[in-house]
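Please open the model in your viewer and keep the selection panel at hand. The tour proceeds by selections, each followed by a note on what is found there.

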Amino acid sequence: MNAPNKSGWKPEMQVAESGFLGGPVTTTGNRGLMLEEPLLFEIGRADVTGVDLPEVDASAPTRLGGLERSDAIGLVGLTEPETVRHYTRLSRQNYGIDLGFFPLGSCTMKHNPRLNEKMARLPGFADIHPLAPQSSVQGALEVIHQLGHWLCTLTGMPAVAMSPKAGAHGELCGILAIRAAHEARGDAREVVLVPESAHGTNPATAAFAGYRVEDIPATPEGRVDVAALKARLGPDVAGVMITNPNTCGLFEKDFREIADAVHAAGGYVYCDGANFNAIVGKVRPGDLGVDAMHINLHKTFSTPHGGGGPGSGPVVLSEALAPFAPLPFIRQGESGEFYLVEEENREERGPSFGRMTAFHGQMGMFTRALTYILSHGADGLKQVAEDAVLNANYILRSMEDILDAPFAGSGPCMHEALFSDSNFAAGLSTLDVAKGLIDEGYHPMTVYFPLVVHGAMLVEPTETESKAAIDQFIAAFRGVAERALAGDEALKQAPYYSPRRRLDEAAAARKPKLAYEG
Amino acid sequence: MRYLPLTDTDRQDMLAKIGASTIDDLFVDVPEVARLDGPIRGLPMHASEMAVERHMKALAAKNLVAGEVPFFLGAGAYRHHVPASVDTIIQRGEFLTAYTPYQPEIAQGTLQMLFEFQTQVARLYGCAVANASLYDGSTACWEAVAMATRVTKRKRAVLSGALHPHYAQVVKTMAHFTGDTIADALPSITSDPELTGLIGRIDEETACVVVQYPDILGRIADLAPIAEAAHAKGALLVVVNTEPVALGAIKAPGEMGADIVVGEGQSLGVGLQFGGPYLGLFAVRDPKHVRQMPGRLCGETTDAEGKRAFVLTLSTREQHIRREKATSNICTNSGLCALAFTVHMTLLGEKGLRELAAENHRLACLAADRLAKVPGVEVLNNAFFNEFTLMLGGKPAREIIRDLADRGVLGGVSLGRLYPGVEALEHALLVAVTETTTEEDIERLATELEAAIKETV
């Protein structure tokens, strides 16, 4: 039942009545290498600092307009060794790709190459100011230009907007371009159609941009219901937002037909590119009739997720939407120099819908993504998609005999395999399986998403895993799944072995405590 | 390929298990018209680490590195010394390669760090609650306006003329689509921020008034009269801060009555990075507004054994639960930059932040005095922190800046670049000074500026 363990060691400790391992209680609360760490505000002091600076000279003249901050700010400091230890101890309570398999569906947790980190830290990229004279930052502008060129080449699209800060910001960019395009021809449309399997950011983005959102149902095969979508098209529909490959892990094989119908009805097609890793180097979305698609550089192009960002979400655009791209963007002059088109370039900016962010986008992510793309090249990126899809199908076919895989009969999956909780014993849930996997040393898959599947478990292995690592995961996943099928009550208390047991999330929301008091 | 562990034998074995004969059997759902028959054209093939490094280094070498020349640029992005341990900590794989902490049992490192970060930001801003970060200061500024419209159920925002023009542009771009009305203005070239006119623009329809502190020209003024005027009309005061180090020296916006305080956190820990990734800070003074806040919030709770633990909370505000009714569409934020900020702030502490702020101000005063002696140059500001405006006596600042760059000095940001086409602002130059600036740098700027002015017609 346990995953293979080459050392041959198997835990024989007993689960005590308290629900945790037996063994002596320690004075510190630590358990060997599992170290508890107090809050910064419990160990830091107001008069301690880890940076050597000149003491404040209270008699020095100031020109602060009489607005000196005289009351205590309430901050505390640590010396450097204490700081390093505080955060090193905290880091050990985290799971990351560097530690193990992280099959979080739709999140593409692939290896983050360290060459990317090294390149992003070159002073020529890291230590330059966004408003430096453009003649002094030609190399930086060229990085943005080169990356944009590769993104256009890989997607088969003519233009790209580089400034969006993350996936959801990229969605916003695409939807604003669509609105601007409609407005430019005096066509006020109010509705954006979004399949019910979409990421939550899709409807939130459309609403944030002032649209009314309407759901499009899914077919029993897990794809967009084309007939329902076509029936809803009309003069009030500005466009559709469709994820392809979709969140059920399937390729929308009727995408071209959908796009043609939307275009015929005067709308535009937004493709959520969150799952581009499945098709990068294999399929060009531009050949499918896409008008706008964001690319999460922190997914497909391996920039680190960092515990919740920063991301980066460039948006490729069709000929129809390109003129409306946000400011600033980069052009190359006749003598080969690169320059930014900003608010002042009145002729060149054309009907751009305006600025989405200060400065030019996530440069630190651009250098990493370009390094990744150049490392892989055309052949390597194609292999990335193939291995990601192969790994996912291997997991799907290794689990479908014991878990319900609602769309397994629809054919191969793309880069992620989807399962439901429909054959679990009464009282056992997807959450229990996720927490059981934590005890086995894995980060759980995405759970309860997409919403179209009951108790969804969405497994995305990516191309990063070896066959041995995947076989080991399958053994662990089967072990936990069997416990859920058999009604193992102990699973409902999992995890047992993580730095914390299940949290009281209801209490956190009922009486929010969002800052240290004291 | 060094990043791909599967061997050809593995691939064959796995295809056999799946029941497929070739990899393309797994792509059957892709319509034929969209299938590529080989590696995509127009891209080179894979390359070694050494070859890629060579390519990237050649590009990096084309840029003039800020740390290698006298450097005085600010206007929303400041060059500070980042202690060496900051980068070491953010490169720990457990932080670098983690996801948003959706599984709190194995993400306490990120969650506790965020709880500490939120506390630091709230205290720095003089507020009750801060969120776990947004993309950057400019997008945080729009989120504040959007939140104010939700809280007040009004649709008009008044922007100070001295708000960073990029921030104002972002707000106007978004408001165009949401149907909100934005009343903006150009900065007035005065020694102190012009508050009477701003107060006069607040009316009963106003959701919020947005003020930058210190403002785009580096000026600082007491915000309490604006807070009072806004509150008298039922509007909120949104204060934007682009230089968090300033708040180690001058009063916190929350203390002066700001309702929402947002800003750019890049100064601490993050670095210049040509404009991104940066760090959006967002806080509210009154805890009753928490449920209208955008973005992630980390809260304290306990686990099944009664141990203190942290978790993302109040997520019913967010897109993955509320979908089209969410307070914002934001998902990924700026977690690793928040870590860099909080580590740097922990190293500084109250004592270090105050010393850092005092050192910035001391050097800025030195620079202002020295530059005021350059013939034809005047310092506009009465009060400032580490950035001030120089009037160049009718000389075009953009040309002077380019000339200075040719002389190996990155001398500041011209208002002509920030406000293209506005004649009244063409002769003004923003100069920022931090602890990284040396007295020799200041002398060099003064000398070269004098020469550049002489040579410019």
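The stops below go from one whole chain to the contact between chains, then to domains and a hairpin.

This is a predicted model, in which local features need pLDDT of at least 70 and side-chain atom pairs count only at pLDDT 80 or more, while totals for chains, interfaces and linings use all residues. Residues are numbered from 1 along each chain as its sequence is written, and chains are lettered from A and ligands numbered from 1 in the order in which they are written.

**Chain A**

Select chain A, whose C-alpha trace spans about 80 × 75 × 45 Å along its principal axes. Colour it by secondary structure to find 14 helices and 12 strands; these are DSSP runs, helices being H or I of at least four residues and strands E of at least two, numbered from the N terminus. The radius of gyration of chain A is 26 Å, which agrees with the value near 24 Å for a compact globule of 518 residues. That radius is taken over C-alpha atoms, and the globule rule is 2.2 Å times the number of residues to the power 0.38. Of the 518 residues in chain A, 58% are buried, a residue being buried if 20 or more other C-beta atoms, placed from the backbone, lie within 10 Å of its own.

**Where the chains meet**

Next, show chain B beside chain A: 171 residues of chain B are in contact with 175 residues of chain A. Contact requires C-beta atoms, placed from the backbone, within 7 Å of each other. On the side of chain B, helix α11 (residues 335-372) gives the largest share, 22 residues.

**The domains of chain B**

Now colour chain B as domain 1 (66-80 + 352-455) and domain 2 (84-344), bounds that come from an automatic or database domain assignment. Their centres, taken over C-alpha atoms, are separated by 28 Å. At their junction, 29 residues of domain 1 of chain B are in contact with 25 residues of domain 2 of chain B. On the domain 1 side, α11(B) gives the most, with seven residues.

**A hairpin in chain B**

Finally, select strand β8 (residues 298-302) of chain B. Is this strand largely enclosed or open? Four of its five residues are buried, so β8(B) is largely enclosed by the rest of the structure. Add strand β9 (residues 308-312) of chain B, which pairs with β8(B) in the antiparallel sense over five bridges; pairing requires at least two DSSP bridges. B:Gly299 stands opposite B:Val311 in β9(B). Between the strands of this hairpin lie five residues, and B:Gly306 takes a positive phi near 85°.

Technical notes
Two residues are in contact if their C-beta atoms, placed from the backbone, lie within 7 Å. A residue is buried if 20 or more other C-beta atoms lie within 10 Å of its own, exposed if 12 or fewer, and partly exposed in between; C-beta atoms are placed from the backbone.
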